[in-house]
Amino acid sequence: MNLLLRLLKTVLAALWFRKRLHPLAVSELVLRVWPTDCDPNLHMTNARYPSMMDLGRLDLLIRTGMGRLMWKRRWSPVLGSMMIRYRRELRPFQPFRLKSRVMGWDGKWIYLEHVFETMDGEVAAIAIGRGVFVGAQGTVPVAELLTAAGVPDAVSPPIPPAVAAWTAAEQDLTGSARAA
């Protein structure tokens, strides 16, 4: 129930109360750790972080105008993979910031970053994900997505070397899984 309420609050705020964002801007949500987010160690459970990141991506999609485009074209955003690094715990009732942004893209994937920060700016966790949009014909090429969004000539910011290395490791992992 707690996640459903957060989802509704995020959608309503993004639609009616928060300003529109440039596609490469940072979306920032202020959230709180509720007891239902915690594990027996009394900190936010590792399984809750991806749910929070869903909220960050949703806020980003709506506020950049991509949500409306997705709805019209019947495209669905799909997360392909994610890597997360936990640095410090988030305790019950502790407020925190979730900063979400598009890092860049290639022909198929859009790379996203999610940073969980304490209210005093300490990084609690950082995650990198890659996702695609899927339509009736399958994966929507990023070039088609950019054209539909009205920015056909947009150039991706440089992909950081660590993300490129992670992408290569993902490709190796996919190849190993197919060979098995």
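Leu 7 is partly exposed, with 34% of relative accessible area. Its home is helix α1, made of residues 2-17. All of this comes from a predicted model, not an experiment on the bench.

Leu 7 has company at the surface. Together with Leu 4, Leu 5, Leu 8, Leu 12, Leu 15, Trp 16 and Phe 17, Leu 7 makes a nonpolar surface patch of about 860 Å². The other side of the story is what α1 keeps hidden: Asn 2, Arg 6, Thr 10, Ala 13 and Ala 14 are its buried residues. Looking down the axis of α1, these buried residues stay within an arc of 95°, so they line one face of the helix. Among the elements that cover them are β1 and α2. A quick check on the length of α1 also works out. Its 16 residues, at 1.5 Å a residue, should span 22 Å, and the C-alpha atoms at its ends sit 21 Å apart, which agrees.

Moving along the chain, Arg 20 turns up in the loop between α1 and β1. Arg 20 counts as exposed because its relative accessibility is 61%, and the cut-off for that label is over 50%. Exposed or not, Arg 20 still has partners: setting aside neighbours within four places in sequence, Arg 20 is in contact with Arg 63, Thr 64 and Gly 65. Leu 60 is another residue to look for here. Arg 20 and Leu 60 are 40 residues apart along the chain, and their C-alpha atoms are separated by 9.2 Å.

Next comes helix α3, which covers residues 66-73 and has Met 66, Gly 67, Leu 69 and Met 70 as buried residues. Viewed down the axis of α3, the buried residues fall within an arc of 165°, so they line one face of this helix. What do the buried residues of α3 pack against? They pack against α2, β2, β5 (123-135) and α4 (142-148). Turn to the face pointing away from that buried side, and the exposed residues Arg 68, Trp 71 and Lys 72 come into view. Just after α3, Arg 74 takes a positive phi of about 60°.

Positive phi shows up in two loops as well. Leu 42 is not a glycine, yet its phi is positive, at about 60°. This leucine is placed in the loop between β1 (27-32) and α2 (48-63). Is Leu 42 buried or partly exposed? Its relative accessibility is 48%, so Leu 42 counts as partly exposed. Phe 93 is not a glycine either, and has a positive phi of about 70°. The loop that holds Phe 93 runs between β2 (76-86) and β3 (95-105). Phe 93 is partly exposed too, with a relative accessible area of 46%.

Finally, there is Ala 179, in helix α5 (residues 161-179). With a relative accessible area of 67%, Ala 179 is exposed. How many Å lie between Ala 179 and Asp 120, C-alpha to C-alpha? These two residues are 47 Å apart in space, and 59 residues apart in sequence.

Terms used. Residues numbered from 1 in each chain as written. Predicted model: local features only at pLDDT ≥ 70, side-chain atom pairs only at ≥ 80, totals over all residues. Heavy atoms only, no water. Helix = DSSP H or I, 4+ residues; strand = E, 2+ residues; numbered from the N terminus. Buried < 20%, exposed > 50% of the residue type's maximum accessible area, 1.4 Å probe, protein only. Patch = residues over 30% accessible without salt bridge, like charges linked within 9 Å, V, L, I, M, F, W, Y side chains within 5 Å. Areas by Shrake-Rupley, 256 points an atom, 1.4 Å probe, with all protein chains shown as cover. Salt bridge = Lys/Arg side-chain N within 4 Å of Asp/Glu carboxyl O. Expected span 1.5 Å × (residues − 1). Arc of directions from axis to C-beta. Contact = heavy atoms within 4.5 Å.
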